[in-house]
Amino acid sequence: PRKPVDARKLNAENSTKDQTEWLGRIKLNVADAQAFQKLAGVGPVLSERIVRFRDALGGFSSVDDLYDVYGLDSSVVNRAKPVLSVDAELVRPLCLDTVSFRTLLKHPRFDLETTKKLMRARGRGVHALDAVLFRSRLDSLTLGKVRPYLEVCSSL
């Protein structure tokens, strides 16, 4: 006897294959809203929301950042992953040595507790980002999310 075919799984596989064939790659940090509308399940509202979220972040550091776009279903992201790419070099990090508390708090990756910990760890001087991150005692998940968006800009 034949195994029953899961139509949803088959459709998802075919949809991904079809998207890959006709879309090519979508570069998340340079694509405009119109490019995102080519993805199955993404219309004009969601495509604009993706662009606004990317701009608020300062660029995507990973394709997985799309999971944080409000209203964008994870199944849409999962189907689209084969055609998405990220150039993390295009991320615009914040200067930890000069950024204000308020500016850091406005960034989507920094909640109140994370911002407080980083500002306390920064203290009066910043010489090395890794030292500040270590002193902040942020958990590894939070560190992974905020690290791409921080840099030390001043030199000794």
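Buried means under 20% relative accessible area, and exposed means over 50%. The exercises below apply these terms to a predicted model.

**Exercise 1. The overall fold**

Task: State how many helices and strands the chain has, and in what order they run.

Solution.
- Count the elements. The chain has eight helices and four strands.
- Read them from the N terminus. The order is α-β-α-α-α-β-β-α-α-α-α-β.
- Add burial. Of the 156 residues in the chain, 37% are buried.

**Exercise 2. The two sides of helix 3**

Task: Find which residues of helix 3 are buried, and where they sit around its axis.

Solution.
- Start with the span. Helix 3 covers residues 44–57, which is 14 residues. From first C-alpha to last, helix 3 reaches 20 Å, close to the 20 Å expected at 1.5 Å a residue.
- List the buried positions. In helix 3 these are Leu 46, Ser 47, Ile 50, Val 51, Phe 53, Arg 54 and Leu 57.
- Place them around the axis. They cover an arc of only 160°, so they lie on the same side of helix 3.
- Turn to the face away from the buried side. Pro 44, Val 45 and Arg 52 are exposed there.

**Exercise 3. The cavity**

Task: Describe the volume and lining of the largest cavity.

Solution.
- Count first. The structure holds one cavity of 30 Å³ or more.
- Give the volume. The largest cavity encloses about 40 Å³.
- Name the lining. It consists of Leu 39, Val 42, Ile 50, Leu 66, Leu 72, Val 76, Val 77 and Ala 80. Ile 50 is also one of the buried residues of helix 3.
- Find the main contributor. Helix 4 (residues 74–80) gives the largest share of the lining, three residues.
- Sort by class. The lining has eight nonpolar residues, no polar ones and no charged ones.

**Exercise 4. The disulfide**

Task: Identify the disulfide and say which parts of the chain are tied together.

Solution.
- Count first. The structure holds one disulfide.
- Name the partners. Cys 95 and Cys 153 are linked, with their sulfur atoms 1.8 Å apart.
- Assign the hand. The angle about the S-S bond is -80°, and the link of Cys 95 and Cys 153 is left-handed.
- Locate both ends. Cys 95 lies in strand 3 (residues 94–95), and Cys 153 lies in the segment after strand 4 (150–151), so the pair ties together parts 58 residues apart in sequence.
- Check accessibility. Cys 95 has 22% relative accessibility and counts as partly exposed. Cys 153, at 37%, is also partly exposed.

**Exercise 5. Helix 7**

Task: Separate the buried residues of helix 7 from the exposed ones on its other side.

Solution.
- List the buried set. In helix 7 it is Leu 129, Val 132, Leu 133 and Ser 136.
- Look down the axis. These residues fall within an arc of 100°, so they line one face of helix 7.
- Cross to the other side. Asp 130 and Phe 134 are exposed there.
- Take Phe 134 further. Its relative accessible area is 70%, which makes Phe 134 exposed. Phe 134 and Ala 121 are 13 residues apart in sequence, with their C-alpha atoms 8.3 Å apart.

**Exercise 6. Two neighbours in a loop**

Task: For Arg 137 and Leu 138, decide which is buried and which is exposed.

Solution.
- Place Arg 137. It lies in the loop between helix 7 (129–136) and helix 8 (140–146).
- Place Leu 138. That residue lies in the loop between helix 7 and helix 8 as well.
- Apply the cut-offs. Arg 137 has 71% relative accessibility, so it counts as exposed. Leu 138 has 10%, so it is buried.
- Check the backbone of Arg 137. Its phi is positive, about 60°, although the residue is not a glycine. Most residues other than glycine have a negative phi.
- Find a distant partner in sequence. Leu 138 and Thr 114 are 24 residues apart along the chain, and their C-alpha atoms are separated by 7.2 Å.

**Exercise 7. A buried loop residue**

Task: State where Val 83 lies, and whether it is buried or exposed.

Solution.
- Locate the residue. Val 83 lies in the loop between helix 4 and strand 2 (84–85).
- Apply the cut-off. At 1% relative accessibility, Val 83 counts as buried.
- Look across the chain. The C-alpha atoms of Val 83 and Arg 25 are separated by 4.7 Å, with their positions 58 residues apart along the chain.

Conventions. Residues are numbered from 1 along each chain as its sequence is written. This is a predicted model: local features need pLDDT of at least 70, side-chain atom pairs count only at pLDDT 80 or more; totals for chains, interfaces and linings use all residues. Side-chain values use heavy atoms; hydrogens and water are left out. A disulfide is a pair of cysteine sulfur atoms within 2.5 Å. Helices (H or I, at least four residues) and strands (E, at least two) are DSSP runs, numbered from the N terminus. Buried means under 20% relative accessible area, exposed over 50%, partly exposed in between (1.4 Å probe, protein chains only). On a 1 Å grid over the protein atoms alone, a cavity is a set of points where a 1.4 Å probe fits but cannot get out, and a pocket is an open set with protein on both sides within 12 Å along at least five of seven lines; lining residues have an atom within 4 Å of a point. Grid points are joined across faces, edges and corners, and a volume is the space filled by probe spheres set on the points. Ala, Val, Leu, Ile, Met, Phe, Trp, Tyr, Cys and Pro count as nonpolar, Asp, Glu, Lys and Arg as charged, and the others, Gly among them, as polar. The expected span of a helix is 1.5 Å times one less than its number of residues. The arc is that of the directions from the helix axis to the C-beta atoms.
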